[in-house]
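I opened my notebook to look at enclosed spaces and buried packing in this model. Here is what I looked up, in the order I went.

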Amino acid sequence: MTEQALSSYVAVVATRFRTLLQYRTAAIAGIATQIFWGFVKLMVLGAFYAVLEEPPPMSFEAIVVYVWLGQCLFALFPINVDPELRGMFRTGSVAYELLRPLNLYAFWWARTLAFRTAPTLLRSVPGLIFAFLILRLLGLDDWVMPPPASVLSFVGFSISLILAIALSCSILMILNLSMFWLVDARGTVALATGFVWVLSGMIIPLPLFPDWTQSILFWQPFRGLCDVPFRIYSGDIAANAMFAEIALQMCWTLVMLVIGLGLERQARRKLSVQGG
């Protein structure tokens, strides 16, 4: 990739990012909803932990980290396609995208990166302030978001979070590209949402699933969106296992990139658009 092409993709990310940062009211409404659901999850899981008779697979402090990071980074998850791209497929104007002097996959991936990260930034900052500070002022010390388990955990979390963003964008690109054949992505998005919520650990932390499912859950790709970075932060994934987890996360990101590139090449061979 030439320096000029790279600067073009950076400009796409920056422009789209600034545009999406304007939706502050939606972000405020979103984080208020996520804080509400954070309370619900902590109450349910707290009640579950209160009656346990055997040592749990995760400490309650790690559960608190899992819940609040999940709520603050909710907008990061690949659960909906870019509405502008959906409109292009509906009207047939997607054909003009193929005429741009840029690689289609890289161009859309740059758009997708901004589409995921701008809303996440708007929601995560007030959400983390609430989880770290406001809860303590309210006297809910058991639910306060703790700091990273160690400096190494914070470094590992930062690397893993970057990979989670890349993985999310790569999965979302597969959903975007599926519209070349499906025109409307509602069915695909509905199906993908279920897989993402359950298999990433957003509904229930993955270590709380039955023992016989753990080997299956360990190797599937959606775990890298949530389970891996959050448990590295809390120290639930030990330092000696951290980099193996990150390596697996990186491998799944590359797999999703290759699948997306293959779909993009296949889509270029024959394109049928609305209107002819």
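Before the first entry, I set down a definition: a cavity is a set of grid points where a 1.4 Å probe fits but cannot get out, and a residue lines it if it has an atom within 4 Å of a point. I also remind myself that this is a predicted model.

**Entry 1: the second largest cavity**

I asked which residues line the second largest cavity. I found Phe-218, Gln-220, Pro-221, Arg-223, Gly-224, Val-228, Glu-245, Leu-248, Gln-249 and Trp-252. The space inside comes to about 40 Å³. Sorting the lining by class, I got 5 nonpolar, 3 polar and 2 charged residues. Helix H11 supplies the largest share, 4 residues. I noted Val-228 in this lining, and I will meet Val-228 again among the buried residues of H10.

**Entry 2: the largest cavity**

How many cavities of 30 Å³ or more does the whole structure hold? My search gave 2. The largest has about 70 Å³ of space. Its lining is made of Lys-41, Leu-45, Tyr-66, Val-67, Gly-70, Gln-71, Gly-201, Met-202, Ile-203, Pro-205 and Cys-226. H2 and H3 are the elements that give two or more residues to it, and H3 gives the most, with 4. By class I read 7 nonpolar, 3 polar and 1 charged.

**Entry 3: the second largest pocket**

Next I turned to an open space. The second largest pocket holds about 260 Å³, and 17 residues line it. Nearest its centre I found Leu-73, Ser-124, Leu-128, Phe-157 and Leu-161. H6 and H7 are the elements giving two or more residues to this lining, and H6 gives the most, with 7. What is the split by class? I got 14 nonpolar, 3 polar and no charged residues.

**Entry 4: helix H10**

Is H10 enclosed or open to the outside? I counted 8 of its 8 residues (227-234) as buried, so the helix is largely enclosed by the rest of the structure. My cut-off for buried was under 20% relative accessible area. The buried residues are Asp-227, Val-228, Pro-229, Phe-230, Arg-231, Ile-232, Tyr-233 and Ser-234. They pack against five helices that I wrote down with their ranges: H3 (60-72), H6 (104-137), H7 (151-182), H8 (186-200) and H11 (239-269). Just after H10 comes Gly-235, with a positive phi near 85°.

**Entry 5: the nonpolar cores**

In soluble globular proteins, nonpolar side chains tend to be buried together. With that in mind I looked up the largest nonpolar core here, which has 46 residues. Trp-68, Leu-69, Phe-77, Met-145, Val-196, Leu-225 and Ile-232 touch the most other members. Helices H2 (24-50), H3, H6, H7, H8, H10 and H11 each supply at least two residues of this core, with H3 giving the largest share, 8.

I then followed one of those well-connected members, Met-145. Leaving out residues up to four places away in sequence, Met-145 touches Val-64, Val-65, Trp-68, Leu-69, Leu-128, Ala-131, Phe-132 and Tyr-233. Two of these names were already in my notes: Leu-128 lies nearest the pocket centre with four others, and Tyr-233 is buried in H10.

Apart from the largest core lies another, of 23 residues. Among its members I jotted down Val-81, Val-94, Trp-108 and Ala-166.

Technical notes: Residues numbered from 1 in each chain as written. Predicted model: local features only at pLDDT ≥ 70, side-chain atom pairs only at ≥ 80, totals over all residues. Heavy atoms only, no water. Buried < 20%, exposed > 50% of the residue type's maximum accessible area, 1.4 Å probe, protein only. Contact = heavy atoms within 4.5 Å. 1 Å grid on protein atoms, 1.4 Å probe; cavity = no way out; pocket = protein on both sides within 12 Å on 5 of 7 lines; lining within 4 Å. Points joined across faces, edges and corners; volume = space filled by probe spheres on them. Nonpolar A, V, L, I, M, F, W, Y, C, P; charged D, E, K, R; others polar. Core = buried A, V, L, I, M, F, W, Y, C linked by side-chain atoms within 4.5 Å.
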